[in-house]
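Open the model in your viewer and keep the selection tool handy. We'll go stop by stop, picking something to select and then saying what is there.

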Amino acid sequence: MEALLLGAGLLLGAYVLLYYNLVKAPPCGGGGSLRGRTAVVTGANSGIGKMTALELARRGARVVLACRSRERGEAAAFDLRQESGNNEVIFMALDLASLASVRSFATAFLRSEPRLDILIHNAGISSCGQTREPFNLLLRVNHIGPFLLTHLLLPRLKACTPSRVVVVASAAHRRGRLDFARLDRPVVGWQQELRAYADSKLANVLFARELATQLEGTGVTCYAAHPGPVNSDLFLRHVPGWLRPLLHPLAWLVLRTPGGGAQTPLYCALQEGIEPLSGRYFANCRVEEVPPAARDDRAAHRLWEASKRLAGLGLGEDAKSDEDPHPEDSGTPSSRSSPHPEEPPVSEPHPSPQSSPDLSKVTHRIWVKAAPEPQAS
């Protein structure tokens with residue numbers, strides 16, 4: 001019996017050490033009141049996004065929950081208003097798989113909201129599920145959709161400086177290898193999905209890096225944030241039903257809560273003094289070095305140009321989107337797309353901010369050639 005108790009004690013002690021050193025997220029403070037500021041959080045109806053939106057609402061921000069499902073989005077907005085005591089939490093429809101939906105969201109937002117101080121790209125998928133599209137759905141939702149949304153909302157971000165863009169990334173970017181010749185090929189099978197997810201997370205890190213270069217000196221800063229291993233819908237969404245009862249206890253033991261996963265994105269959105277670190281990758285509320293493939297400036301710029309093409313942004317439209325904050329809908333909606341969201345009756349239309357320069361033009365750049373990476377074993 002004594003040996004059994006000793007073994008149980010050792011296991012419990014090992015678990016406590018593991019949890020508090022590797023699993024539990026450090027609490028990340030930073031920032032004070034957000035009254036008078038507006039934040040957009042994508043995928044905020046559950047998980048990390050909902051906890052992120054909750055903290056922003058508690059600090060007094062006006063928070064827009066940009067979600068695909070109207071039913072879940074409205075329910076989340078109601079919950080957050082009740083829990084935070086802040087009535088300035090609203091839902092607006094956004095389906096990142098549909099470029100038309102992204103444009104429609106941007107049109108409605110720019111017409112109804114006079115400010116945008118914080119843009120958090122939290123929404124993402126890890127699997128295509130039963131959906132079959134003629135394009136890379138994981139790249140579309142995790143990168144191309146956020147890329148287009150950032151572009152369309154950038155004039156408002158520039159008009160409200162200092163402002164921030166946070167891209168929720170993942171440690172999976174370390175396994176990513178971008179093949180520009182096959183960037184938008186459809187994904188079939190779980191093995192391709194694993195690879196495509198890692199590639200999309202590498203795209204997130206490179207996007208934040210290139211966006212920081214493009215926006216240097218504008219007052220808009222951007223960061224890639226890794227939430228850590230989190231027990232969220234993304235983890236169990238595509239697990240077979242019979243396996244979920246077995247994984248739930250394990251996930252509760254070894255994964256972070258969604259509130260813990262929200263700490264690093266919140267740190268990047270709110271912490272004062274990190275502006276010189278724009279474009280960097282954060283984990284556990286501190287800067288973390290990335291592998292050569294994730295700091296390759298040439299690849300980052302090449303991805304930027306490829307993303308413009310996949311998002312349907314031409315040189316002429318670049319100039320138009322900077323001059324006119326009410327872009328017309330275009331692009332081919334996917335089979336997942338929802339009807340274009342109606343303009344929410346939340347505020348009066350605001351005059352368009354001053355036009356901003358064409359982001360496709362970079363006046364100064366020093367190319368950094370990445371060292372070759374070792375092949376994964």
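## Stop 1: two helices side by side

Start with α4 and α5, which are roughly parallel to each other, a label used for angles under 35 degrees (over 145 is roughly antiparallel, 65 to 115 roughly perpendicular, and the rest oblique). To find them, select residues 99-112 for α4 and residues 137-159 for α5. Their packing angle is about 25 degrees, and the axes are 10 Å apart. Here an axis is a line fitted to C-alpha atoms, for helices over the stretch in contact, and angles run from 0 to 180 degrees between N-to-C directions. The names come from DSSP runs numbered from the N terminus: helices are H or I with at least four residues, strands are E with at least two.

Before moving on, a word on what you are looking at: this is a predicted model, where local features need pLDDT of at least 70 and side-chain atom pairs count only at pLDDT 80 or more, while totals for chains, interfaces and linings use all residues. Residues are numbered from 1 along each chain as its sequence is written, and side-chain values use heavy atoms, with hydrogens and water left out.

Now turn the view so that one helix lies over the other: α4 passes α5 in a right-handed crossing. That means the near helix is turned clockwise from the far one by less than a right angle; anticlockwise would be left-handed.

Show side chains next. On α4, the contact residues include Leu99, Val102, Phe105 and Phe109; on α5, Ile144, Leu148 and Leu152 are among them. Contact means heavy atoms within 4.5 Å. What kinds of residues make up this contact? They divide into eleven nonpolar, one polar and three charged. For that sorting, Ala, Val, Leu, Ile, Met, Phe, Trp, Tyr, Cys and Pro count as nonpolar, Asp, Glu, Lys and Arg as charged, and the others, Gly among them, as polar.

## Stop 2: a helix that crosses

Keep α5 on screen and add α11, residues 297-310. The axes of α5 and α11 come within 9 Å and cross at roughly 90 degrees, so the two helices are roughly perpendicular to each other. Select Leu139, His143, Ile144 and Phe147 on α5, then Leu303, Trp304, Ser307, Lys308 and Leu310 on α11, and you have the contact. This group splits into six nonpolar, two polar and one charged.

## Stop 3: three rings

Zoom in on Phe147, Phe207 and Trp304, which ring pairs link into a cluster. Rings of Phe, Tyr and Trp (its six-membered ring) pair if their centres lie within 6.5 Å; planes under 30 degrees apart count as stacked, over 60 as edge-to-face and the rest as tilted. By this rule there are six aromatic pairs.

How do the rings of Phe147 and Trp304 sit, and at what angle are their planes? Their centres are 5.1 Å apart with planes at 80 degrees, so this pair is edge-to-face. Phe147 in α5 and Trp304 in α11 are 157 residues apart, so the pair links distant parts of the chain.

Now look from Trp304 to Phe207: the centres are 6.2 Å apart and the planes at 35 degrees, so this pair is tilted. Phe207 belongs to α6 (residues 190-214), and the pair ties together parts that are 97 residues apart in sequence.

Phe207 is buried, with a relative accessible area of 4%, and Trp304 is buried too, at 5%. Buried means under 20% relative accessible area, exposed over 50%, and partly exposed in between (1.4 Å probe, protein chains only).

## Stop 4: unusual backbone

Most residues other than glycine have a negative phi, and most peptide bonds are trans. Select Thr161 and Pro162: the peptide bond between them is cis, with omega near 0 degrees. Pro162 is in the loop between α5 and β5 (163-168).

Then go to the loop between β7 (281-283) and β8 (286-287), where Asn284 lies. Asn284 has a positive phi of about 50 degrees and is partly exposed, at 25% relative accessible area. Cys285, in the loop between β7 and β8, has a positive phi of about 60 degrees and is buried, at 12%.

## Last stop: zoom out

Show the whole chain: it has twelve helices and eight strands. Of its 377 residues, 52% count as buried.
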